[in-house]
Amino acid sequence: MKKIMPVFKDEKDKVIAVAMIITSMFLVFVPALLVVLFGKNYVSESTYEISKAFFNLELLLFLISLIFVIPVIGWVLGTILGPLMMVFNVVICIINLCAVAKGGETKIPVGYEFV
């Protein structure tokens, strides 16, 4: 589990982090990827670390969901694990959204880091 204590330079960094977390619930890893690719020079270090952690989490969930395209086995697993993964993603995003909004420590369960 990766723990990050956010220290924002200004209100813009907080807004970027909150917007990235909210849109990650619906657009999977794309918002975090955009912040990782283009935001390194424009956001604070903690916002960049949060976006890297969310990118790793969302990419891991996306790669796991690719198993669901395998005929029969994937369909059974997708029926069971698909909704559970969606609920897990939303719960993690909401918990971290509240932590970022309050300025508290964010906890992102990342087992493997791609970036």
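Start with α1 and α3: in this predicted model, the two helices pack at an angle of about 10 degrees, with their axes 10 Å apart. An angle under 35 degrees counts as roughly parallel, and α1 and α3 are therefore roughly parallel to each other. On the α1 side, the residues in contact are Asp13, Ile16, Ala17, Met20, Ile21 and Ser24. Across from them, α3 brings Thr47, Ile50, Ser51, Phe54 and Glu58. Sort the residues of this contact by type and you get six nonpolar, three polar and two charged.

Now turn to the other partner of α3. With α4, the packing angle is about 175 degrees and the axes sit 11 Å apart. Anything over 145 degrees counts as roughly antiparallel, so α3 is roughly antiparallel to α4. Here the contact residues divide into ten nonpolar, three polar and one charged. From α3 come Ile50, Phe54, Leu57, Glu58, Leu61, Ile64 and Ser65, and they meet Met85, Phe88, Asn89, Ile92, Cys93, Asn96 and Val100 in α4. If a few of those α3 names ring a bell, that's fair: Ile50, Phe54 and Glu58 are also among the residues that meet α1.

Phe88 is worth a stop on the way. It lies in helix α4, and leaving aside residues up to four places away in sequence, Phe88 touches Leu57, Leu61 and Pro109. Is Phe88 buried, exposed or partly exposed? Its relative accessible area is 36%, so Phe88 is partly exposed. To get a feel for distances, pick out Val18 as well: Phe88 and Val18 are 70 residues apart along the chain, and their C-alpha atoms are separated by 18 Å.

Next, the empty space. Rolling a probe the size of a water molecule over the atoms shows where empty space is left. In this model the largest pocket has a volume of about 210 Å³. Which helices supply at least two residues each to its lining? They are α1 (11–27), α3 (45–65) and α4 (73–102), and α4 gives the most, with five residues. The lining has 13 residues in total, and the ones nearest the centre of the pocket are Val28, Glu58, Leu61, Met86 and Asn89. By type, the lining splits into nine nonpolar residues, three polar and one charged. Some of these names tie back to the helix packing: Glu58, Leu61 and Asn89 are among the residues in the contact of α3 with α4.

Val28 deserves a second look, too. It belongs to the loop between α1 and α2 (30–38), and it has a positive phi of about 55 degrees although it is not a glycine. With a relative accessibility of 32%, Val28 counts as partly exposed. Further along the chain, Val72 in the loop between α3 and α4 has a positive phi of about 60 degrees, again without being a glycine. Val72 counts as exposed, because its relative accessibility is 52% and the cut-off is over 50%.

One last valine to finish the walk: Val30 lies in helix α2. At 39% relative accessibility, Val30 counts as partly exposed. Look across from there to Ile73: the two residues are 43 apart along the chain, and the C-alpha atoms of Val30 and Ile73 are separated by 28 Å.

Technical notes: Residues numbered from 1 in each chain as written. Predicted model: local features only at pLDDT ≥ 70, side-chain atom pairs only at ≥ 80, totals over all residues. Heavy atoms only, no water. 1 Å grid on protein atoms, 1.4 Å probe; cavity = no way out; pocket = protein on both sides within 12 Å on 5 of 7 lines; lining within 4 Å. Points joined across faces, edges and corners; volume = space filled by probe spheres on them. Helix = DSSP H or I, 4+ residues; strand = E, 2+ residues; numbered from the N terminus. Nonpolar A, V, L, I, M, F, W, Y, C, P; charged D, E, K, R; others polar. Buried < 20%, exposed > 50% of the residue type's maximum accessible area, 1.4 Å probe, protein only. Axes fitted to C-alpha atoms, helices over the stretch in contact; angles between N-to-C directions. Parallel < 35°, antiparallel > 145°, perpendicular 65-115°, else oblique. Contact = heavy atoms within 4.5 Å.
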